[in-house]
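Here are some notes for a colleague opening this model for the first time. Please keep the sequence and the 3D view at hand while reading.

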Amino acid sequence: MVKSTTKDARDLFHTLRSAYVATPTNLKIIDLYVCFAVFTALIQVAYMALVGSFPFNSFLSGVLSCIGTAVLAVCLRIQVNKENKEFKNLAPERAFADFVLCNLVLHLVIINFLG
Amino acid sequence: MMNLSRSVALISLFLLPLLSFSFSVDNPTDRRVLVLLDDLSLKSSHSIFFNNLKSRGFDLDFKLADDSKLALQRYGQYLFDGLIIFAPSTERLGGSLDSKSIADFVDSGRDLILSADTSASDLIRGIATECGVDFDEDSSAMVIDHTSFSVSDVDGDHTLIAADDLVKSDVILGKAKIEAPVLFRGVAHSLNPTNNLVFKVLSASPSAYSANPSSKLSSPPQLTGSAISLVSVMQARNNARVVISGSLQLFSDRSGVQKAGSQNQYEKSGNEQFVTELSKWVFHERGHLKAGSLVHHRVGETDEPAIYRIKDDLEFSVEIYEWSGKSWEPYVANDVQVQFYMMSPYVLKTLSADKKGLFHTSFKVPDVYGVFQFKVEYEKLGYTTLSLSKQIPVRPYRHNEYERFIPTAYPYYGACFTTMAGFFVFSFVYLYHK
């Protein structure tokens with residue numbers, strides 16, 4: 001029973017990996033950006049756990065800028081993915097323009113809240 | 001009507017020169033002293049003490065204690081600055097004097113020397129009780145000491161004792177050590193334990209007790225040992241000084257003392273020096289302090305601000321002078337403290353003295369805002385109490401006095417700008433990748 005589960009896990013991992021290699025490059029770039037943003041957010045949470053939450057507004061501002069831009073990047077990925085039936089008629093340029101504008105608003109708000 | 005006002009004006013003109021000789025804030029030594037005696041022969045038997053006072057510039061006015069023309073006040077002004085009562089057996093004081101008027105006299109800041117003796121009357125005991133001193137209730141009791149008596153005791157009942165247990169205070173007893181013991185024959189008194197203004201200047205040795213010397217003791221004596229005080233002193237809260245002694249012979253002219261059990265024989269007893277120094281202290285020739293105003297300002301400025309901010313650096317100073325009998329000398333001590341007080345002292349610092357009487361220190365205002373007081377409460381044994389305070393408010397930071405960037409938040413600032421840079425780089429890479 002145990003042996004089969006480990007074999008299943010390893011098979012799962014291999015199928016995921018081979019499927020992922022097949023994704024287009026632009027989606028992989030977006031994935032990399034999302035990982036970078038989430039990683040930055042995790043560093044900030046670890047720092048806050050260490051020193052305490054004294055300038056809480058700065059902490060929120062830093063974490064939310066990372067999470068916010070990650071969320072916007074995920075939205076971009078959904079809209080640009082050609083395999084997605086829902087956004088078949090949406091031009092990828094329009095999706096990218098939305099992404100840029102939303103990020104501008106996000107960073108404006110973040111800098112204001114940073115204090 | 002005109003006559004009355006003119007006579008009042010004339011009388012007040014006559015009183016003016018009297019007023020200029022009295023003690024004042026600038027010249028605190030007493031000048032005019034009323035001496036009440038119950039027997040005018042005390043003038044000669046205590047001549048050394050009185051002549052000493054006269055040579056130091058006091059105006060002594062000798063009166064019998066039951067003289068019907070006695071008055072301490074006239075038209076609301078006190079005629080005397082000091083009072084010496086050497087009338088232990090007087091039941092009633094003459095004129096307008098009674099124990100209440102004497103209590104008012106001390107309440108007005110004036111000084112008193114009171115001496116009881118073996119036949120102390122209720123009046124004298126009452127005045128002493130007002131000052132926190134309780135004489136032995138037995139009117140025939142005297143202080144007896146079988147180990148510290150004077151060898152020159154003629155009666156042989158060991159009531160003339162040679163006492164040397166003096167209070168250790170340079171300001172009360174002078175810098176010179178009193179070598180010879182002090183002769184004492186009289187009644188014992190104890191101090192009221194709830195009174196914290198009165199203290200012993202000359203106490204009896206541990207082997208002394210208070211009893212009737214001519215009758216056998218039927219029960220153990222109530223007052224024994226060092227609880228017996230022979231001479232006590234009280235400094236009231238308004239800095240009036242009172243000396244209460246259990247023996248009139250203490251002040252008299254005497255000489256030659258040898259304490260039983262000791263090898264030393266002194267030609268002169270310590271009485272004269274003891275009594276002289278004590279009278280100097282009682283009449284404010286020594287130990288009288290005056291403080292100038294409290295001065296405080298921020299470091300680097302000279303003006304006194306109306307309000308401080310938390311965590312300001314400030315400097316504080318006060319001038320204290322001591323009266324030397326003729327002039328104000330700078331006071332030098334290392335135990336004057338200042339408190340920065342709001343319900344409890346947030347800062348308590350000892351002031352450092354320079355030789356000119358200026359006490360100063362500097363400290364940081366605490367991180368609490370509110371209305372504070374600079375308080376100097378100085379109570380040293382034998383010195384006048386100094387109680388100074390000055391109020392000053394402390395405000396918190398204004399909104400533009402905080403630090404612009406908080407150091408602990410630097411990682412968050414960095415994260416935000418890194419994210420923005422990452423977004424910028426990402427958009428280029430996304431658009432122009434192959």
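Along β24(B), which side chains point to one face and are buried, and which point to the other and are not?

1. **The two faces of β24.** This is a predicted model. Start with strand β24 of chain B, residues 337-342. Its side chains alternate. B:V338, B:F340 and B:M342 point to one face and are buried. B:Q337, B:Q339 and B:Y341 point to the other face and are not buried. The general rule fits here: in a regular strand, side chains alternate between the two faces of the sheet.

2. **The hairpin to β25.** β24(B) pairs with β25(B) in the antiparallel sense, over 6 bridges. Two pairs are easy to find. B:Q339 stands opposite B:L348. B:Y341 has B:P345 as its bridge partner. The two strands form a hairpin with 1 residue between them. In the turn, B:M343 has a positive phi of about 70°.

3. **The other neighbour of β24.** β24(B) is also joined to strand β28 of chain B, residues 370-378. These two run antiparallel, with 3 bridges between them. Look for B:F340, whose bridge partner in β28(B) is B:F374. B:F340 is also one of the buried residues of β24(B).

4. **The sheet as a whole.** Where does β24(B) sit in its sheet? The order is β21-β29-β28-β24-β25 in chain B. The sheet is open, has 5 strands and is mixed in its pairing. β21 (308-309) and β25 (344-350) stand at the edges, each with a single partner strand, so one side of each has no neighbour in the sheet.

5. **A residue in β27.** B:T361 lies in strand β27 of chain B, residues 358-364. Is B:T361 buried or exposed? B:T361 is buried, because its relative accessible area is 11% and the cut-off for buried is under 20%. Leaving out residues up to four places away in sequence, B:T361 touches B:L314, B:E315, B:F316, B:V338, B:K349, B:T350 and B:L351. One of these contacts, B:V338, is a buried residue of β24(B).

6. **An enclosed strand.** Now move to β16 of chain B, residues 241-245. How many of its 5 residues are buried? The count is 5 of the 5, so the strand is largely enclosed by the rest of the structure. Both faces are covered. B:R241, B:V243 and B:S245 are on one side, with B:V242 and B:I244 on the other.

7. **The partners of β16.** Strand β6 of chain B, residues 111-115, runs parallel to β16(B) and is joined to it by 4 bridges. Here B:L114 stands opposite B:I244. Strand β15 of chain B, residues 229-235, pairs with β16(B) in the antiparallel sense over 5 bridges. B:M234 has B:V242 as its bridge partner. β15(B) and β16(B) form a hairpin with 5 residues between them. One residue in that turn, B:N239, has a positive phi of about 70°.

8. **A helix packed against β16.** Helix α5 of chain B covers residues 122-130. Its buried residues are B:L123, B:I124, B:R125, B:I127 and B:A128. What do they pack against? The list is β5 (82-86), α4 (99-107), β6, β7 (133-135) and β16 of chain B. After the helix comes B:G132, with a positive phi near 95°.

9. **Chain B overall.** Chain B has 8 helices and 29 strands. Its radius of gyration is 32 Å, whereas a compact globule of 434 residues would have one near 22 Å. The C-alpha atoms fill a box of roughly 130 × 75 × 40 Å along the principal axes. Of the 434 residues, 49% count as buried. Among contacts between residues at least 6 apart in sequence, 71% join residues at least 24 apart.

10. **Surface and charge.** The accessible surface of chain B comes to about 21700 Å². Carbon and sulfur atoms account for 54% of that surface. Chain B has 42 positive and 50 negative charges, and their mean positions are 7 Å apart.

11. **One stop in chain A.** A:A97 lies in helix α4 of chain A, residues 92-114. A:A97 counts as partly exposed, at 37% relative accessibility. A:L76 is 21 residues away from A:A97 in sequence. In space the two are 9.6 Å apart, C-alpha to C-alpha.

Technical notes:
Residues are numbered from 1 along each chain as its sequence is written. Chains are lettered from A and ligands numbered from 1 in the order in which they are written. This is a predicted model: local features need pLDDT of at least 70, side-chain atom pairs count only at pLDDT 80 or more; totals for chains, interfaces and linings use all residues. Side-chain values use heavy atoms; hydrogens and water are left out. The radius of gyration is taken over C-alpha atoms; the globule rule is 2.2 Å times the number of residues to the power 0.38. Buried means under 20% relative accessible area, exposed over 50%, partly exposed in between (1.4 Å probe, protein chains only). Contact means heavy atoms within 4.5 Å. Accessible areas come from the Shrake-Rupley method with a 1.4 Å probe; for residues, only the protein chains shown count as cover. Lys and Arg count as positive and Asp and Glu as negative; His and the chain ends are not counted. The place of a charge is taken as NZ of Lys, CZ of Arg, CG of Asp or CD of Glu. Two strands pair if DSSP finds at least two bridges between them.
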